Amino acid sequence: MHRFANPTRFLKIATAIQPWVMAVTVILTAVGLYMALISSPADYQQGESVRIMYVHVPAAWMGMFCYAALAIASAVALIWKHPLADVAAKATAPVGAAFTFLSLVTGSLWGKPMWGTWWVWDARLTSMLILFFLYIGYMALFDAFDDRARGAKAAAILSLVGAVNLPIIKFSVNWWNTLHQPASVIKMGGPSIDASMLWPLFLLAIAFKGYYIWVLLVRMRQELTANKVRILRAKQAHGG
Amino acid sequence: MQDFLNMGGYGAFVWPSYAITAVVMLVLLVVSVRSLKSTEATYKRLQAELGQEQEEQKTES
C-alpha cells in the first residue's frame with residue numbers, strides 16, 4: 001500500500017486509470033439499464049414495479065459499501081497516518097450519502113404501491129436513515145474545526161463508532177419484524193432470484209461501483225490540489 | 001411505447017425512481033468535476049504568480 005502513499009504518484013495513477021473507469025461505468029450502465037427496463041421480465045407478484053429494484057438495491061448496497069470504505073479508510077488514517085486515507089475517506093462521504101439518500105427515496109417509491117405506505121419506522125428503514133445522518137454528521141464534523149487535522153481525526157472517530165450500524169442494517173430484516181423483504185441475493189444457499197433478474201441487478205451494482213471509483217478519483221484529485229493551493233497561499237503570505 | 005411508459009400501471013413509481021437516481025448521480029459528478037477544474041485553475045494561477053514574484057526578487061537583488 002505504501003507504494004501508493006505518495007500523493008504525486010497517486011495523482012499520476014488516478015489520472016491514468018480514470019478514462020478506463022469512465023468507459024466501464026458508462027457501458028455497464030447502458031447495458032444494465034437496457035436489461036432492467038426492457039429485456040427483463042415483470043415479477044409474478046409485483047408486476048412491473050419490480051424494476052425499481054434495479055436501482056434501489058444497488059443504491060442501498062453502495063450506501064453500505066461506501067460506509068465500510070469510509071470506516072476502513074478512517075481506521076487506516078488513525079492507525080498508520082497514511083497521507084491519502086483521510087483524503088479517500090472525505091471523498092467517499094458525499095457519494096455514500098447520495099446513494100443512501102437514493103435508496104431511501106426509491107424504497108419509498110417502491111413501498112407506496114407494494115406496501116401501501118411511503119414509510120414505516122421499522123428497523124431496516126430506520127437504520128438506513130441513521131446511516132444517512134451518519135454521513136451528514138461525518139461531513140459536518142470534518143469541516144467544523146479550524147485545524148484541518150483535528151477535524152479529520154474527530155470525523156474518523158465518528159465514522160468508526162457509526163460502523164456498528166452496518167451489521168444492524170444487514171441483519172435488521174432477520175432480527176425484527178418488518179415490511180421489508182428479507183435478503184434474496186446475498187444469503188446462505190445462493191440467490192433465490194431468477195438469472196434474468198440477477199443480471200441487470202449485478203450489472204447496475206458494478207456500474208454503481210465504477211461510478212463511485214470515478215467520483216472518488218475526481219474528488220481525491222480535487223482535495224490533493226486544494227492542499228497544494230493552501231501551501232502556495234501560505235508561501236505567498238510569507239514571501240510577500 | 002404507451003405500454004412501456006405505463007409500466008403495467010406502476011409508471012408513476014418506476015420512472016421517478018430512475019429519474020431521481022440519474023439526477024442525483026449526474027449532479028454529484030458534475031459538481032465534483034467542476035470543483036476539480038476550478039481548484040486546478042487556481043493552483044496554476046498561484047504557481048504562475050509565485051514564479052513571477054521570485055523572478056522579480058532575483059532581478060531586484
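Helices (H or I, at least four residues) and strands (E, at least two) are taken here as DSSP runs, numbered from the N terminus. With that in hand, let's work through this predicted model.

**Exercise 1. Describe the fold of chain A from its helices and strands.**

*Solution.* Start with the count: chain A holds 7 helices and 0 strands. Next, follow the sequence, where the pattern reads α-α-α-α-α-α-α. Then look at the dimensions: along the principal axes, the C-alpha atoms of chain A fill a box of roughly 70 × 35 × 30 Å. Finally, turn to the contacts between residues at least 6 apart in sequence; in chain A, 75% of these join residues at least 24 apart.

**Exercise 2. Check the length of H4(A) and find what covers its buried residues.**

*Solution.* First the length. H4(A) has 20 residues, and the expected span is 1.5 Å times one less than that number, so 28 Å should separate its ends; the end C-alpha atoms are indeed 28 Å apart. Now list the buried residues of H4(A): Arg124(A), Leu125(A), Met128(A), Leu131(A), Leu134(A), Tyr135(A), Tyr138(A) and Phe142(A). Their cover includes H2, H3, H5 and helix H6 (165-175) of chain A.

**Exercise 3. Decide whether Leu203(A) is buried or exposed, and place it in the structure.**

*Solution.* Begin with the location: Leu203(A) belongs to helix H7 of chain A. Count neighbours next. Leu203(A) has 22 C-beta neighbours inside 10 Å, and the cut-off is 20 or more, so Leu203(A) is buried. Setting aside residues up to four places away in sequence, Leu203(A) touches Leu28(A), Val31(A), Gly32(A) and Met35(A). As a last step, compare sequence with space: Asn227(A) is 24 residues from Leu203(A) in sequence, and their C-alpha atoms are 36 Å apart.

**Exercise 4. Find which residues touch the most other members of the largest nonpolar core, and which helices supply it.**

*Solution.* This core has 69 residues, and Cys66(A), Ala88(A) and Leu204(A) touch the most other members. At least two core residues come from each of H1 (7-39), H2 (53-80), H3 (85-115), H4 (123-142), H5 (148-162) and H7 (195-239) of chain A, and likewise from helix H2 (11-60) of chain B. For a closer look, take Ala88(A): beyond its neighbours within four places in sequence, Ala88(A) is in contact with Ala73(A), Leu216(A) and Met220(A).

**Exercise 5. Characterise the side of chain B that touches chain A, and add the confidence scores.**

*Solution.* Count first: 26 residues of chain B are in contact with 36 residues of chain A. Sorted by class, the chain B side has 16 nonpolar, 8 polar and 2 charged residues. Then the confidence: chain B averages a pLDDT of 89, with 97% of the residues scoring at least 70. The model as a whole scores ipTM 0.90 and pTM 0.92.

Note on methods. Residues numbered from 1 in each chain as written. Chains lettered and ligands numbered in written order. Predicted model: local features only at pLDDT ≥ 70, side-chain atom pairs only at ≥ 80, totals over all residues. Contact = placed C-beta atoms within 7 Å. Nonpolar A, V, L, I, M, F, W, Y, C, P; charged D, E, K, R; others polar. Core = buried A, V, L, I, M, F, W, Y, C linked by C-beta atoms within 7 Å. Buried ≥ 20, exposed ≤ 12 C-beta atoms within 10 Å, placed from the backbone. pLDDT = per-residue confidence, 0-100.
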